Amino acid sequence: MTPSLSQAWRRAALLCIAVLASGCGQGAHRKITVRFWNGFTGPDGRTMLRMVKRFNEQNPDVHVVMQRMAWATYYNKLFVAGIGHRAPEVFVIHTRAMNRFAGAGFARPNDDLVNGPSGIDIRDVDANVWNAVKFGGKHYGLPLDVHVMGMYYNKTLFRKAGLVDAQGNPKVPTNRPEFMDAMRRLTKKGQNGGQDQWGFVFTNFESNTYTFMRQFGGEFFTKDYSRCTMNEPRNIAGLQFCSDIVNKYHYAPSPENFDSWIGFRQGKIAMAFEGIYMLADLEKQKNLDFGGAPVPQVDGYHRVWADSHNLCLRSDLKGPELEASWRFMKFLSDNSLDWAAGGQVPVRKSLRRTARFKAMTVQSQFAKQIPLVTYLPSLPFVFEFQTELDLAVEKVLRGNGTTKEALDIATNNVNAVIAREQAARETGGRQP
């Protein structure tokens, strides 16, 4: 029987009421979109994507959209987006770059959220890591990891050189005499007289030499950052130590025309200092028997380079968008053991004490160095500083000029940048 028109309208009205009551009506539970930008374009990106998908499944009222881009262009794009008020809700900033973004007003302080009802017990984070994202008395990032540099070593080459303990396990160097002895014994010439095997290699010039210079007690700026001191005697001694490994003792190849990381993967290099993020690359190579250990201490200060990926919030977030974005950040922090499995060291101490993390042999070895971590200076002009440091280091390792000459030039150039920054502040502020 065909229903009357009034009956049809009544059914339609009841259906509408039922839909609204069930919360499925338009606008009742509209999903909040959280855009998440980062530079995780390698294996770490696939790990992060899996974590994002899991968050979306467990939080049906929020949809996180992740956008990855190469680190080489990432910061420029983030700056442009920030200037144009189009920045994503959540984005990643390295600790070394935090000052620049916080100073530009792009990132929101998060102390109220960390200490709020849905917060994080910050005592679970190492003080040196947490303090590194503090500017003007406020914290601008939630550290997710500490990608600390460590020593990768070829177990097969160590055993062939007799560098083993009583149980036949590779005996890795922990101090300068052991490091120098290991490099000497692990450097070998081939039958044709050419170099067949190297004891050590400089991979990432900046992180490697920065570690040695800081171990010699070097400081790169005055405490108020008003003057660069890159050419101070302790830095010269630390960088000279690096130069001698290449140009005096010939334990490491010259950077010229040599792919250092490929050399380690090919079994021609016995030791290499690199970040924990390179672990995934090595694990794919099944014919390489390698291990991970803390870097040796070669002078009076046991320090090691590291950086951290920090989760940051857009400065103007509020209301439901802010709640959803913080919920996502806390999810990543709470579940960062999954992030560690992809080749990272989680920042949360409670996670590093778990059996699951301790079974990650290389990550857990590198994690021992977190109390020793020394970040690059976090400066408004950090990229200019890095460029000058890199140029000086490469010149010295290639044997082009003296260590003092190279560091004098770099120091003068950085001090010129400081003077320019000071002038910009006095005439109306620096443009990011």
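**Exercise 1. Charges and overall build**

Task: State how far apart the mean positions of the positive and negative charges of the protein lie, and describe its extent and secondary structure.

Solution: The protein carries 54 positive and 40 negative charges, and the mean positions of these two groups are 5 Å apart. The structure is a predicted model, and its C-alpha trace spans about 100 × 60 × 40 Å along the principal axes. The next step is to count the elements, which gives 19 helices and 14 strands. Of the 432 residues, 52% are buried, while the protein exposes about 20100 Å², with carbon and sulfur atoms supplying 52% of that area. Finally, among the contacts with a separation of 6 or more, 72% are accounted for by residues 24 or more positions apart.

**Exercise 2. Confidence**

Task: Find which stretches of the chain have a pLDDT below 50 or under 50, and say how many contacts the model gives them.

Solution: Begin with the whole protein, which averages a pLDDT of 90, with 92% of the residues scoring at least 70. Over residues 1-6, however, the pLDDT is below 50, and this stretch has one contact in the model beyond near neighbours in sequence. Residues 12-27 also stay under 50, and for them the model has five contacts beyond four places in sequence. Where pLDDT is low, predicted coordinates should not be read in detail.

**Exercise 3. Aromatic pairs**

Task: Classify the ring pairs Phe 40 with Trp 339 and Phe 179 with Phe 273, and locate their partners in the chain.

Solution: A search of the whole structure finds 33 aromatic pairs. In the pair of Phe 40 and Trp 339 the ring centres are 4.9 Å apart and the planes stand at 55 degrees, so the pair is tilted. Phe 40 belongs to the loop between strand S1 (32-38) and helix H2 (43-58), whereas Trp 339 belongs to helix H14 (residues 336-341), so the pair ties together parts that are 299 residues apart in sequence. Phe 40 and Trp 339 are both buried.

For Phe 179 and Phe 273, the centre-to-centre distance is 5.9 Å and the angle between the planes is 20 degrees, and this pair is stacked. Phe 179 lies in helix H8 (residues 176-186) and Phe 273 in strand S10 (residues 269-275), so that distant parts of the chain, 94 residues apart, are linked. Both Phe 179 and Phe 273 are buried.

As a last step, place the tilted pair in its surroundings: Phe 40 and Trp 339 are among the members of a cluster linked by ring pairs, which also includes Trp 71, Tyr 74, Tyr 75, Phe 79, Phe 101, Phe 106 and Phe 383.

**Exercise 4. Three loop residues**

Task: For His 85, Tyr 225 and Glu 232, decide which is buried, partly exposed or exposed.

Solution: Take His 85 to begin with, in the loop between helix H3 (71-83) and strand S3 (90-94). Its relative accessibility is 74%, over the 50% cut-off, so His 85 counts as exposed. Although His 85 is not a glycine, its phi is positive, at about 60 degrees.

Tyr 225 lies in the loop between H9 and H10, and its relative accessibility of 40% makes it partly exposed. Its phi is likewise positive and near 60 degrees, in a residue other than glycine. As background, most residues other than glycine have a negative phi.

Glu 232 is placed in the loop between helix H9 (205-215) and helix H10 (233-247). Its relative accessible area is 13%, under the 20% cut-off, so Glu 232 is buried. Not counting residues up to four places away in sequence, Glu 232 touches Gly 218 and Glu 219.

Terms used
Residues are numbered from 1 along each chain as its sequence is written. This is a predicted model: local features need pLDDT of at least 70, side-chain atom pairs count only at pLDDT 80 or more; totals for chains, interfaces and linings use all residues. Side-chain values use heavy atoms; hydrogens and water are left out. Rings of Phe, Tyr and Trp (its six-membered ring) pair if their centres lie within 6.5 Å; planes under 30 degrees apart count as stacked, over 60 as edge-to-face and the rest as tilted. Helices (H or I, at least four residues) and strands (E, at least two) are DSSP runs, numbered from the N terminus. Buried means under 20% relative accessible area, exposed over 50%, partly exposed in between (1.4 Å probe, protein chains only). Contact means heavy atoms within 4.5 Å. Accessible areas come from the Shrake-Rupley method with a 1.4 Å probe; for residues, only the protein chains shown count as cover. Lys and Arg count as positive and Asp and Glu as negative; His and the chain ends are not counted. The place of a charge is taken as NZ of Lys, CZ of Arg, CG of Asp or CD of Glu. pLDDT is the predictor's confidence in each residue, from 0 to 100.
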